[in-house]
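Trainee: I would like to learn how to read pockets and nonpolar cores in a model, one feature at a time.

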Amino acid sequence: MQITAGELNRATLARQLLLERHPLSVPEAVRRVVALQAQHAPSPYLALWNRVTDLDPTAVDDVFARRTVVKATLLRLTLHAVHHADYQVFREAMQPTLYASRLGYRFAATGLTPEHAEKLVPPLLDFAARPRTAAELRAWLAEQVGAECAEGAWWGLRAYAPLWHLPTGGPWSFGQRASFAAARTGPVPTGKEYAPHALRTLVLRYLEGFGPASVADVAQFAMVQRTPVRKALLALDGAVERLDGPDGTTLYDVPGAPRPPADTPAPPRLMAMWDSTLLAYADRSRVIPSGLRRLVIRSNGDVLPTLLVDGRVAGVWRPETGGIEVTAFHDLPPATWDAVAEEAHTLGAFLADRDPAVYARYRHWWAKLPEARVRLLPSRASRA
(Lines give C-alpha, C1' and ligand atoms only; values in the text may rest on other atoms or scores of the structure.)
Protein backbone atom coordinates (compact mmCIF):
# COMPACT_ATOMS: atom_id res chain seq x y z
CA MET A 1 0.00 0.00 0.00
CA GLN A 2 1.31 3.47 -0.94
CA ILE A 3 1.01 6.49 1.36
CA THR A 4 1.63 10.06 0.23
CA ALA A 5 3.59 12.79 1.98
CA GLY A 6 0.35 14.63 2.69
CA GLU A 7 -1.21 11.54 4.23
CA LEU A 8 1.86 11.00 6.40
CA ASN A 9 1.58 14.54 7.70
CA ARG A 10 -2.09 14.14 8.58
CA ALA A 11 -1.45 10.76 10.22
CA THR A 12 1.11 12.40 12.50
CA LEU A 13 -1.22 15.27 13.35
CA ALA A 14 -4.08 12.87 14.10
CA ARG A 15 -1.97 10.64 16.37
CA GLN A 16 -0.49 13.69 18.11
CA LEU A 17 -3.95 15.23 18.75
CA LEU A 18 -3.17 18.27 16.60
CA LEU A 19 -6.06 18.16 14.13
CA GLU A 20 -8.39 19.26 16.94
CA ARG A 21 -8.25 19.63 20.70
CA HIS A 22 -9.68 16.67 22.61
CA PRO A 23 -11.65 16.50 25.89
CA LEU A 24 -9.12 14.16 27.52
CA SER A 25 -7.65 13.92 30.99
CA VAL A 26 -3.98 14.87 31.20
CA PRO A 27 -2.82 11.27 31.85
CA GLU A 28 -4.80 9.96 28.88
CA ALA A 29 -3.48 12.71 26.61
CA VAL A 30 0.09 11.89 27.64
CA ARG A 31 -0.48 8.22 26.89
CA ARG A 32 -1.95 9.05 23.50
CA VAL A 33 1.03 11.17 22.43
CA VAL A 34 3.51 8.68 24.03
CA ALA A 35 6.05 11.15 25.45
CA LEU A 36 6.43 14.90 25.92
CA GLN A 37 9.86 16.48 25.62
CA ALA A 38 10.46 18.03 29.04
CA GLN A 39 13.98 19.38 29.46
CA HIS A 40 12.47 22.88 29.74
CA ALA A 41 9.73 22.94 32.35
CA PRO A 42 7.01 24.87 30.44
CA SER A 43 7.10 22.67 27.34
CA PRO A 44 4.89 19.78 28.55
CA TYR A 45 2.26 22.31 29.64
CA LEU A 46 2.28 24.08 26.28
CA ALA A 47 2.34 20.80 24.39
CA LEU A 48 -0.79 19.71 26.25
CA TRP A 49 -2.42 23.14 25.78
CA ASN A 50 -2.23 22.51 22.03
CA ARG A 51 -3.93 19.13 22.39
CA VAL A 52 -6.43 19.16 25.26
CA THR A 53 -9.71 21.09 25.29
CA ASP A 54 -9.70 23.96 27.83
CA LEU A 55 -6.57 22.69 29.55
CA ASP A 56 -6.33 23.69 33.20
CA PRO A 57 -2.62 23.92 34.07
CA THR A 58 -3.36 22.89 37.64
CA ALA A 59 -4.34 19.49 36.23
CA VAL A 60 -0.79 19.15 34.90
CA ASP A 61 0.61 20.24 38.28
CA ASP A 62 -1.50 17.54 39.89
CA VAL A 63 -0.38 14.62 37.70
CA PHE A 64 3.27 15.53 38.27
CA ALA A 65 2.70 15.84 42.03
CA ARG A 66 0.90 12.49 42.17
CA ARG A 67 3.50 10.89 39.84
CA THR A 68 0.76 9.75 37.48
CA VAL A 69 2.95 11.37 34.84
CA VAL A 70 6.67 11.17 35.55
CA LYS A 71 9.68 13.08 34.28
CA ALA A 72 12.93 11.24 33.64
CA THR A 73 15.84 10.84 31.24
CA LEU A 74 14.59 8.51 28.53
CA LEU A 75 14.21 8.91 24.80
CA ARG A 76 17.13 10.52 22.95
CA LEU A 77 18.81 10.79 26.37
CA THR A 78 16.74 13.84 27.20
CA LEU A 79 14.11 14.54 29.83
CA HIS A 80 10.64 13.37 28.85
CA ALA A 81 7.31 13.28 30.61
CA VAL A 82 5.58 9.91 30.22
CA HIS A 83 2.65 8.14 31.79
CA HIS A 84 3.62 6.21 34.92
CA ALA A 85 2.41 2.99 33.28
CA ASP A 86 4.83 3.44 30.37
CA TYR A 87 7.93 4.35 32.35
CA GLN A 88 9.26 0.90 33.25
CA VAL A 89 9.06 -0.62 29.78
CA PHE A 90 10.50 2.52 28.16
CA ARG A 91 13.36 2.49 30.66
CA GLU A 92 14.08 -1.19 29.96
CA ALA A 93 14.06 -0.56 26.21
CA MET A 94 16.52 2.31 26.68
CA GLN A 95 18.92 0.31 28.89
CA PRO A 96 21.67 -0.38 26.29
CA THR A 97 21.62 3.25 25.11
CA LEU A 98 21.90 4.59 28.64
CA TYR A 99 24.61 2.05 29.45
CA ALA A 100 26.72 3.03 26.45
CA SER A 101 26.25 6.78 26.76
CA ARG A 102 26.33 7.41 30.50
CA LEU A 103 28.89 4.91 31.80
CA GLY A 104 31.66 6.25 29.62
CA TYR A 105 33.26 9.67 29.13
CA ARG A 106 33.09 11.65 32.41
CA PHE A 107 31.99 8.61 34.39
CA ALA A 108 34.87 6.50 33.09
CA ALA A 109 37.33 9.40 33.45
CA THR A 110 37.02 9.04 37.22
CA GLY A 111 38.29 5.46 36.97
CA LEU A 112 34.84 4.00 37.54
CA THR A 113 33.60 1.11 35.39
CA PRO A 114 30.14 -0.17 34.44
CA GLU A 115 30.60 -2.82 37.11
CA HIS A 116 30.97 -0.05 39.70
CA ALA A 117 27.77 1.51 38.39
CA GLU A 118 25.78 -1.72 38.70
CA LYS A 119 26.93 -2.03 42.33
CA LEU A 120 26.17 1.61 43.12
CA VAL A 121 22.67 1.78 41.66
CA PRO A 122 20.77 -0.35 44.24
CA PRO A 123 22.05 1.55 47.31
CA LEU A 124 21.66 4.85 45.46
CA LEU A 125 18.00 4.01 44.88
CA ASP A 126 17.61 3.07 48.54
CA PHE A 127 19.06 6.47 49.49
CA ALA A 128 16.63 8.12 47.05
CA ALA A 129 13.61 6.31 48.48
CA ARG A 130 12.59 9.78 49.64
CA PRO A 131 13.19 12.99 47.68
CA ARG A 132 16.83 14.05 47.44
CA THR A 133 18.49 17.08 45.94
CA ALA A 134 21.36 16.79 43.50
CA ALA A 135 23.69 18.07 46.23
CA GLU A 136 22.56 15.33 48.61
CA LEU A 137 23.07 12.65 45.97
CA ARG A 138 26.54 13.96 45.08
CA ALA A 139 27.46 13.99 48.77
CA TRP A 140 26.25 10.40 49.13
CA LEU A 141 28.32 9.36 46.11
CA ALA A 142 31.37 11.12 47.58
CA GLU A 143 31.07 8.84 50.60
CA GLN A 144 30.96 5.78 48.34
CA VAL A 145 33.60 6.58 45.70
CA GLY A 146 35.55 9.53 47.08
CA ALA A 147 35.11 13.26 46.62
CA GLU A 148 37.35 13.33 43.55
CA CYS A 149 35.05 10.87 41.73
CA ALA A 150 31.68 12.12 42.94
CA GLU A 151 30.99 14.65 40.19
CA GLY A 152 31.78 12.21 37.36
CA ALA A 153 29.82 9.46 39.10
CA TRP A 154 26.79 11.72 39.43
CA TRP A 155 27.07 12.79 35.78
CA GLY A 156 26.61 9.16 34.74
CA LEU A 157 24.24 7.87 37.38
CA ARG A 158 21.71 10.70 37.36
CA ALA A 159 20.61 9.45 33.93
CA TYR A 160 21.63 5.79 34.11
CA ALA A 161 19.95 5.05 37.44
CA PRO A 162 16.13 4.91 37.28
CA LEU A 163 15.46 8.25 38.94
CA TRP A 164 12.48 10.54 38.53
CA HIS A 165 12.65 14.33 38.65
CA LEU A 166 10.21 15.61 41.26
CA PRO A 167 8.25 18.88 41.28
CA THR A 168 10.02 21.64 43.20
CA GLY A 169 7.64 24.57 42.66
CA GLY A 170 7.70 27.49 40.28
CA PRO A 171 5.18 28.31 37.57
CA TRP A 172 5.71 25.02 35.74
CA SER A 173 6.23 22.59 38.68
CA PHE A 174 9.96 22.14 38.10
CA GLY A 175 12.39 24.82 39.21
CA GLN A 176 16.09 25.30 38.59
CA ARG A 177 17.18 23.09 41.50
CA ALA A 178 16.25 19.53 40.68
CA SER A 179 14.91 17.00 43.16
CA PHE A 180 15.04 13.25 42.55
CA ALA A 181 13.44 10.05 43.79
CA ALA A 182 13.91 6.39 42.95
CA ALA A 183 11.55 5.02 40.32
CA ARG A 184 10.21 1.95 42.06
CA THR A 185 8.17 0.55 39.18
CA GLY A 186 9.83 -2.82 38.64
CA PRO A 187 13.16 -4.62 38.40
CA VAL A 188 16.18 -2.36 37.92
CA PRO A 189 17.51 -2.83 34.36
CA THR A 190 21.15 -3.90 34.16
CA GLY A 191 23.68 -4.82 31.50
CA LYS A 192 24.04 -3.69 27.91
CA GLU A 193 21.68 -6.04 26.04
CA TYR A 194 18.28 -5.12 24.68
CA ALA A 195 15.23 -6.53 26.43
CA PRO A 196 13.27 -7.85 23.41
CA HIS A 197 9.81 -7.51 24.95
CA ALA A 198 10.48 -3.97 26.16
CA LEU A 199 11.83 -2.85 22.79
CA ARG A 200 8.87 -4.38 20.94
CA THR A 201 6.50 -2.55 23.28
CA LEU A 202 8.32 0.73 22.75
CA VAL A 203 8.16 0.25 18.97
CA LEU A 204 4.43 -0.39 19.11
CA ARG A 205 3.80 2.59 21.36
CA TYR A 206 5.84 4.76 19.01
CA LEU A 207 3.86 3.63 15.98
CA GLU A 208 0.59 4.29 17.82
CA GLY A 209 1.66 7.86 18.53
CA PHE A 210 3.80 8.74 15.50
CA GLY A 211 3.30 6.16 12.76
CA PRO A 212 3.53 5.29 9.98
CA ALA A 213 7.31 5.34 10.32
CA SER A 214 10.51 3.77 9.06
CA VAL A 215 13.18 1.84 10.93
CA ALA A 216 15.29 5.00 10.88
CA ASP A 217 12.41 7.02 12.36
CA VAL A 218 11.97 4.62 15.28
CA ALA A 219 15.72 4.57 15.92
CA GLN A 220 15.83 8.39 15.87
CA PHE A 221 12.93 8.73 18.29
CA ALA A 222 14.50 6.58 20.97
CA MET A 223 18.19 6.78 20.03
CA VAL A 224 18.21 3.00 19.64
CA GLN A 225 20.34 1.25 17.04
CA ARG A 226 18.57 0.32 13.81
CA THR A 227 19.44 -3.40 13.88
CA PRO A 228 17.52 -4.06 17.12
CA VAL A 229 14.63 -2.00 15.77
CA ARG A 230 14.52 -4.17 12.63
CA LYS A 231 14.54 -7.31 14.78
CA ALA A 232 11.72 -5.93 16.92
CA LEU A 233 9.62 -5.15 13.85
CA LEU A 234 10.31 -8.60 12.42
CA ALA A 235 9.16 -10.17 15.69
CA LEU A 236 6.02 -8.02 15.52
CA ASP A 237 5.04 -9.50 12.15
CA GLY A 238 1.25 -9.65 12.17
CA ALA A 239 0.96 -6.90 14.77
CA VAL A 240 2.25 -4.27 12.32
CA GLU A 241 1.70 -3.69 8.63
CA ARG A 242 3.99 -2.40 5.91
CA LEU A 243 3.40 0.56 3.63
CA ASP A 244 5.41 2.18 0.85
CA GLY A 245 6.41 5.71 1.73
CA PRO A 246 6.44 8.61 -0.74
CA ASP A 247 10.09 7.96 -1.63
CA GLY A 248 9.78 4.18 -1.63
CA THR A 249 11.02 3.73 1.95
CA THR A 250 9.31 0.88 3.82
CA LEU A 251 7.11 2.23 6.59
CA TYR A 252 5.44 0.36 9.43
CA ASP A 253 2.19 1.06 11.22
CA VAL A 254 -0.36 -0.34 13.62
CA PRO A 255 -3.37 -1.74 11.73
CA GLY A 256 -6.45 0.40 12.12
CA ALA A 257 -4.60 3.49 13.36
CA PRO A 258 -5.87 6.85 12.05
CA ARG A 259 -4.64 7.91 8.61
CA PRO A 260 -6.80 10.86 7.54
CA PRO A 261 -6.86 12.06 3.94
CA ALA A 262 -4.20 14.59 2.92
CA ASP A 263 -6.82 17.32 2.52
CA THR A 264 -8.12 17.01 6.10
CA PRO A 265 -8.19 20.53 7.58
CA ALA A 266 -5.33 21.24 10.01
CA PRO A 267 -5.77 24.35 12.17
CA PRO A 268 -2.80 26.56 13.07
CA ARG A 269 -0.93 25.65 16.22
CA LEU A 270 1.60 27.57 18.36
CA MET A 271 3.85 24.71 19.39
CA ALA A 272 6.02 24.32 22.48
CA MET A 273 9.80 24.38 22.26
CA TRP A 274 11.15 20.91 21.52
CA ASP A 275 7.70 19.54 20.76
CA SER A 276 8.15 15.83 20.09
CA THR A 277 6.24 16.09 16.81
CA LEU A 278 9.20 17.98 15.34
CA LEU A 279 11.84 15.56 16.63
CA ALA A 280 10.34 12.09 16.42
CA TYR A 281 11.53 11.25 12.90
CA ALA A 282 14.79 10.77 11.03
CA ASP A 283 13.03 12.40 8.08
CA ARG A 284 11.58 15.52 9.68
CA SER A 285 10.26 16.87 6.40
CA ARG A 286 6.82 15.43 7.14
CA VAL A 287 6.34 18.40 9.50
CA ILE A 288 9.31 20.73 8.88
CA PRO A 289 9.87 21.89 5.28
CA SER A 290 13.50 21.13 4.45
CA GLY A 291 14.41 24.77 3.86
CA LEU A 292 13.23 25.76 7.35
CA ARG A 293 14.88 23.06 9.43
CA ARG A 294 17.98 25.09 10.29
CA LEU A 295 15.86 28.08 11.26
CA VAL A 296 13.86 26.25 13.91
CA ILE A 297 16.35 23.57 15.02
CA ARG A 298 19.43 25.52 15.99
CA SER A 299 23.01 24.29 15.92
CA ASN A 300 23.16 23.68 19.68
CA GLY A 301 19.96 21.62 19.65
CA ASP A 302 17.50 24.33 20.71
CA VAL A 303 14.18 23.85 18.94
CA LEU A 304 12.28 27.13 18.77
CA PRO A 305 8.56 27.46 19.56
CA THR A 306 7.05 27.06 16.13
CA LEU A 307 3.95 28.05 14.21
CA LEU A 308 2.23 25.23 12.31
CA VAL A 309 0.10 26.19 9.33
CA ASP A 310 -1.68 23.47 7.39
CA GLY A 311 0.24 20.95 9.49
CA ARG A 312 3.75 22.18 8.71
CA VAL A 313 6.17 24.62 10.27
CA ALA A 314 5.60 28.09 8.83
CA GLY A 315 7.22 30.33 11.45
CA VAL A 316 8.06 30.86 15.10
CA TRP A 317 6.51 32.71 18.03
CA ARG A 318 7.49 34.36 21.30
CA PRO A 319 5.71 36.40 23.97
CA GLU A 320 6.12 40.16 23.87
CA THR A 321 4.59 42.98 25.88
CA GLY A 322 1.00 43.17 24.73
CA GLY A 323 0.66 39.75 23.15
CA ILE A 324 2.30 36.98 21.14
CA GLU A 325 4.72 37.95 18.41
CA VAL A 326 4.45 35.61 15.43
CA THR A 327 7.10 35.51 12.73
CA ALA A 328 5.93 33.84 9.50
CA PHE A 329 8.57 32.65 7.05
CA HIS A 330 6.22 33.10 4.08
CA ASP A 331 3.05 35.01 3.26
CA LEU A 332 -0.10 33.84 5.01
CA PRO A 333 -3.66 34.52 3.81
CA PRO A 334 -5.78 36.88 5.94
CA ALA A 335 -7.99 34.01 7.09
CA THR A 336 -4.94 32.13 8.34
CA TRP A 337 -3.70 35.18 10.24
CA ASP A 338 -7.16 35.44 11.83
CA ALA A 339 -6.96 31.83 12.98
CA VAL A 340 -3.41 32.33 14.30
CA ALA A 341 -4.58 35.46 16.13
CA GLU A 342 -7.26 33.44 17.90
CA GLU A 343 -4.64 30.92 19.02
CA ALA A 344 -2.43 33.76 20.28
CA HIS A 345 -5.42 35.29 22.07
CA THR A 346 -5.93 32.04 24.00
CA LEU A 347 -2.24 31.32 24.54
CA GLY A 348 -1.68 34.70 26.14
CA ALA A 349 -4.42 33.96 28.65
CA PHE A 350 -2.92 30.54 29.37
CA LEU A 351 0.49 32.08 30.07
CA ALA A 352 -0.76 35.11 31.99
CA ASP A 353 -1.06 33.50 35.42
CA ARG A 354 2.04 31.37 35.03
CA ASP A 355 4.87 32.92 33.06
CA PRO A 356 3.96 35.61 30.51
CA ALA A 357 7.60 35.77 29.35
CA VAL A 358 7.99 32.02 28.79
CA TYR A 359 11.15 31.03 26.84
CA ALA A 360 12.64 34.53 27.34
CA ARG A 361 16.13 33.05 27.75
CA TYR A 362 16.04 31.98 24.08
CA ARG A 363 15.32 35.43 22.63
CA HIS A 364 18.82 35.69 21.15
CA TRP A 365 17.85 33.30 18.35
CA TRP A 366 15.42 35.83 16.85
CA ALA A 367 18.32 38.07 15.83
CA LYS A 368 19.56 35.23 13.63
CA LEU A 369 16.29 34.77 11.72
CA PRO A 370 16.00 36.04 8.14
CA GLU A 371 13.73 38.93 7.26
CA ALA A 372 10.16 37.72 7.61
CA ARG A 373 6.53 38.74 8.22
CA VAL A 374 6.14 39.73 11.87
CA ARG A 375 2.92 40.52 13.71
CA LEU A 376 2.19 41.20 17.37
CA LEU A 377 -1.10 39.44 18.06
CA PRO A 378 -2.95 40.65 21.17
CA SER A 379 -3.54 38.12 23.89
CA ARG A 380 -6.70 37.83 25.92
CA ALA A 381 -4.86 39.10 28.98
CA SER A 382 -3.76 42.29 27.22
CA ARG A 383 -7.27 42.95 25.87
CA ALA A 384 -8.89 42.69 29.27
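**Pockets and cores**

Trainee: What space lies in the second largest pocket?

Mentor: About 250 Å³, taking volume as the space filled by probe spheres set on grid points joined across faces, edges and corners. A pocket is an open set of points on a 1 Å grid where a 1.4 Å probe fits, with protein on both sides within 12 Å along at least five of seven lines, and lining residues have an atom within 4 Å of a point. Of its 14 lining residues, Leu8, Pro246, Asp247, Asp283 and Ser285 are the closest to the centre, while helices H1 (5-15) and H11 (215-222), DSSP runs (H or I) of at least four residues, each give two or more.

This is a predicted model, in which local features need pLDDT of at least 70 and side-chain atom pairs 80 or more, whereas totals for linings use all residues. Residues are numbered from 1 along the chain, and side-chain values use heavy atoms, without hydrogens or water.

Trainee: Which residues are closest to the centre of the largest pocket?

Mentor: That pocket has a volume of about 770 Å³, and among its 34 lining residues the closest are Gln39, His40, Lys71, Leu79 and His165.

Trainee: Which residues have the most contacts inside the largest nonpolar core?

Mentor: Such a core joins buried (under 20% relative accessible area, 1.4 Å probe) Ala, Val, Leu, Ile, Met, Phe, Trp, Tyr and Cys through side-chain atoms within 4.5 Å. Here it has 68 residues, with Leu46, Leu48, Leu270, Trp317 and Val326 having the most contacts, and helix H15 (residues 334-352) supplies the largest share, 7 residues. A second, separate core of 67 residues includes Ala72, Leu75, Tyr160 and Leu163.

Key. Buried < 20%, exposed > 50% of the residue type's maximum accessible area, 1.4 Å probe, protein only.
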